[in-house]
Structure formats: structure tokens, C-alpha cells
Amino acid sequence: MTLNIQARAKINWTLDVVGTLPNGYHDLDMLMQSVTLCDQMTMRPAQGLTLSVRTAGGAFVPADESNLVLRAARALQSATGTTGGAAITLRKFIPVAAGMGGGSSDAAATLHGLNRLWELGLDTAELERIGLTIGADVPFCVRGGLARAQGVGERLTSIALGKPLYLVAFQPCRGLSTKEVFTALHEQGIRDEDRPDNEAAQRALERGNVRLLAKSLGNVLEPVSRQMRPEIDRAIRAIEAAGAEGARMTGSGSAVFGVFRHAGLCRKAYQALRETYPSCRMMRTAESGVVIEEV
Ligand code: ATP
């Protein structure tokens, strides 16, 4: 049996820091969304665990034990006592260090895929728990779709999206380190006007109201990232000028996205933007984070 797996990227419709948790981590409040842009993986049974990685565009992703795919496989082995092996291949299409959850989504796809390949019978909640030991965004990627994510990102409430939405997204410059962005945020603080309106954004998403959604979007990390990388600032303006209803940075950057009233407007903007930004991609919201096909 071979599994062909899509590991889907995520975007943050919103990202707010609402406090500090007892363990010192940031208490977050976010609306996270799976999108159709994805990394491609294959898995087949084998003696040991192996991983081969192919990247596009010169981004560096390690193929050793530090790769989140192998870390997820090891975490699943130790949580279940399994000694099974797998030969895994990973083709990266999600930009790296972009705030699009690339590594987290590969980890989530590994958990779902190996759960199937090794016939472990774990449910999504158990995979989310194991995922959290790998990274804060992994539980969301395991669950997928649209969710309000709180705490470090592990407290998830799934939300029914009113209608599919069309987006463009790309990384206008090299990646940003999440740690550096948070350090800069601590130095500058958060202005109230930079906070998203999570309640209004959630209602807009439930109703599929793009105009209302655009008004309520926000990411408190965006102002510092726009200062650290002026390319992010320029890219957001370019997406707005291309006709997006709203444009924002996702996660801690450096990728940006724009959302459109309908597919036609999105396609027009995509065609215009890729002249300046060849890495620009058009995508749609997705109902799951991982798609597995058995061949
Ligand atoms: P998030 O949105 O969850 O904050 P990100 O988009 O900021 O994630 P990633 O693309 O997941 O960041 O990768 C960050 C770092 O993790 C990379 O610099 C890379 O060295 C390392 N890494 C380990 N495994 C992977 C993987 N499978 N894919 C991408 N990066 C990986």
C-alpha cells in the first residue's frame, strides 16, 4: 500500500495576543484556516524510518531527525509503542518560515498517514494531543478546516465556514523568525487599533460575508513585521491595489494573503500580481488539513 498525502497550508484570518499563560507562553486568540495550497507526501511500509525531501525555490529544509515529519513519526512511535517503519517522501510547495504552517502541516499529515499505514486506530483528538508535543500549530493542522484557536493554539473550536473563499498568498521576502518577531513586539507593545475583532470576524466567516470579514481582520504581529521587512508592507499594498477586499500577513510572516469577493476577482488579481511576485499562488479555503489517497 502507498499513501499519497496532501499536507495543506494554513493562514491566519486573525492573530491576537491576549495575555501571558502561567507557563510564560503567549495566550493567543486566532482564527485559522486550511487552504488548498499543499505539500505533497508519499508513504509506504518499510523496515526503518526514512525521509527524502525535495524543495523548490532554494529554501532549506533539513531531511534529518530535526524535520518535523520525522519528529512526528517518532512521537507517534513512542506514544503507541509501535516499532513500524515507513519510507516517506516530501515535496515542499508551501513557503518555508512563512507563517503558513508548512512544517506543522507536514507533521499533521505524518500523524494521519502513519496512523493509517500502521493501522493504529487513533482518533483525531489523540492525534491532536500528540501533535501538540511537536508544535503549537500542529493540532490545528491535524483538525483542519476553520477554527478559533486559543491558548498557545491548542484550544480549538471548529467553525462552519459559510461559503468557500478565494485567496492569493505569497512570501515577498525571506522568512521571518517567530522568536525575533515576538521580541520586537515586546519592545513596541500592541496598539488597540492593531487588534483584530475576532467575534466579528467569526460571524463574518460563518455567514460568508467577505466585506465584513475584511473589516475585522487583523494580526498584532503585522506592524512589527512590516517594519522589519518593508517588502511585507509593499506586498500588502500591492494585493489591496489588485482588488482584494482585505490583505494581511499570516502568522508571524513573512507570507501575506488577500481575500476576494469572488473567484473571478481573485484570478484577475493573481494574474496581475504574479508579474511582480512570481511566487504568488491562488487558492481556496479547504475543509480539512490533510487529504489521504490510498494507491
Ligand atoms: P508556522 O506557520 O507554524 O509558524 P512557519 O511557516 O513559520 O510555521 P515552517 O515553514 O514550518 O515555518 O518552518 C520553520 C523552520 O522549521 C524551517 O526553517 C525549517 O528549517 C524547519 N523545518 C523542519 N521540518 C520542516 C518541514 N517539514 N517543512 C518546513 N520546515 C521545516
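Student: Which residues is isoleucine 239 in contact with, leaving aside its neighbours within four places in sequence?

Tutor: A general idea helps here: in soluble globular proteins, nonpolar side chains tend to be buried together. In this predicted model, isoleucine 239 is in contact with Val168, Phe170, Ala244, Ala247, Val256, Phe257, Gly258, Phe260 and Leu273, leaving aside its neighbours within four places in sequence. A second, separate core of 24 residues includes Ala98, Leu165, Ala169 and Phe257. As for the largest nonpolar core, it has 66 residues, and Ile239 is among those with the most contacts inside it, along with Met41 and Leu111.

Student: Let's turn to helix α5. Which of its residues are buried?

Tutor: In α5, which spans residues 178–188, the buried residues are Val181, Phe182, Ala184 and Leu185. They lie on the same side of α5 because they cover an arc of only 160° around the axis. Lys179, His186 and Glu187, on the other side of α5, are exposed.

Student: What do the buried residues of α5 pack against?

Tutor: Their partners are β1 (3–20), β2 (26–46) and α8 (222–228). Look just past the helix as well: α5 is followed by glycine 189, whose phi is positive, near 80°.

Student: Now a loop residue. Where does serine 252 lie, and is it buried or exposed?

Tutor: Serine 252 sits in the loop between β9 (246–249) and β10 (256–260). The cut-off for buried is under 20% relative accessible area, so serine 252, at 8%, counts as buried.

Student: Which residues is serine 252 in contact with, beyond its neighbours within four places in sequence?

Tutor: Those contacts are Gly99, Leu176, Thr178, Val181, Leu221 and Ser225. With threonine 178 there is a polar contact between the two side chains, at 3.0 Å. Valine 181 is 71 residues apart from serine 252 along the chain, yet their C-alpha atoms are separated by 6.6 Å. Valine 181 is also one of the buried residues of α5.

Student: And the cysteines: how many disulfides does the structure hold?

Tutor: The number of disulfides is zero. To check a cysteine, compare its distance to the nearest cysteine sulfur with the cut-off of 2.5 Å. For cysteine 38, the nearest cysteine sulfur is that of cysteine 141, 12 Å away. Cysteine 280 is in no disulfide either, and there the nearest cysteine sulfur belongs to cysteine 266, 8.1 Å away.

Student: What are the relative accessible areas of cysteine 38 and cysteine 280?

Tutor: Cysteine 38 has a relative accessible area of 11% and is buried. Cysteine 280 is buried too, with a value of 0%.

Terms used: Residues numbered from 1 in each chain as written. Predicted model: local features only at pLDDT ≥ 70, side-chain atom pairs only at ≥ 80, totals over all residues. Heavy atoms only, no water. Core = buried A, V, L, I, M, F, W, Y, C linked by side-chain atoms within 4.5 Å. Buried < 20%, exposed > 50% of the residue type's maximum accessible area, 1.4 Å probe, protein only. Contact = heavy atoms within 4.5 Å. Helix = DSSP H or I, 4+ residues; strand = E, 2+ residues; numbered from the N terminus. Arc of directions from axis to C-beta. Polar contact = N/O pair within 3.5 Å; in protein donor to acceptor, adjacent residues only side chain to side chain.
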